[in-house]
Amino acid sequence: MDEPLLDVSGLSIDLPTRSAPVRIVDEVSFAIPAATTVGLIGESGSGKTMTANALIGLLPDGAVVQGSLRWRNEELLKATSSRRRELRGDEIAMIFQDPLAALNPTHTIGRQVGEILRRSGQSRAAVRTRVVELLDRAGIPEPAAKLASYPHEFSGGMRQRAVIAMAFRCCWPMSPRPRST
Ligand SMILES: Nc1ncnc2c1ncn2[C@@H]1O[C@H](COP(=O)(O)OP(=O)(O)O)[C@@H](O)[C@H]1O
Ligand SMILES: [Mg+2]
């Protein structure tokens, strides 16, 4: 059988506190085969966000991570920070829970969704086309007309869609938008 896209094995995370370190994730194992969706369910505070933060490599300072996180057979826990940065955004993305905290209130939606794309050296026109495509893919109606909007002009649901569009930046080429039947 093919290797899973992601293989998490015996993941434990300890965070330092003023007294002793606390274990916030304890021996978690799961695998995600390619082209599948896996839900991680647990009560509030059980460590779902910290597990995801370990995957994208953004844990609080001083966190001690043990176990194995294999992405396409590459051990993420042995990767350099520049390699982790390369994977973050190019291959692995996180849709943050609170879109207001994830969006900059002073920049337009178009600017924020296009930010990483502009840094990749694409032309302004190519970036604009791509941003419109991403917003459309995330289900934002009339995406071209929304490029100049600011986050406060969006409803909560639309802001959530904007951060979903940002996470989609790593999917290239885009799969076609599913049509409702
Ligand atoms: N910076 C931190 N320092 C210490 N403990 C933290 C920190 N951030 C989160 N925690 C604790 O880690 C545990 C897991 O949190 P989290 O992953 O956010 O849970 P979930 O996403 O499942 O609700 C919680 O008990 C939380 O209080
Ligand atoms: Mg959480």
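**Note on the ligand 1 site and the sheet**

1. Ligand 1 is surrounded by Leu15, Ile24, Glu43, Ser44, Gly45, Ser46, Gly47, Lys48, Thr49, Met50 and Pro60, where a residue counts if one of its heavy atoms lies within 4 Å. This is a predicted model, in which local features need pLDDT of at least 70 and side-chain atom pairs count only at pLDDT 80 or more, while totals for chains, interfaces and linings use all residues. Residues are numbered from 1 along each chain as its sequence is written, chains are lettered from A and ligands numbered from 1 in the order in which they are written, and side-chain values use heavy atoms, with hydrogens and water left out.

2. Backbone N or O atoms approach oxygen atoms of ligand 1 at 2.7 Å from Gly45, at 2.8 Å from Lys48 and at 3.0 Å from Gly47. Taken alone, ligand 1 exposes 570 Å², of which the protein buries 59% (Shrake-Rupley method, 1.4 Å probe).

3. Helix α1 (residues 48-56) gives the largest share of the shell around ligand 1, three residues; helices are DSSP runs of H or I with at least four residues, and strands are E runs with at least two.

4. The four strands form an open sheet in the order β2-β1-β3-β4, with antiparallel pairing (two strands pair if DSSP finds at least two bridges between them). Because β2 (22-32) and β4 (74-75) each have a single partner strand, they stand at the edges, and one side of each is left without a neighbour in the sheet. Strands β1 (residues 6-15) and β3 (residues 64-71) pair in the antiparallel sense over seven bridges, and Leu6 stands opposite Trp71 in β3.

Conventions:
Polar contact = N/O pair within 3.5 Å; in protein donor to acceptor, adjacent residues only side chain to side chain.
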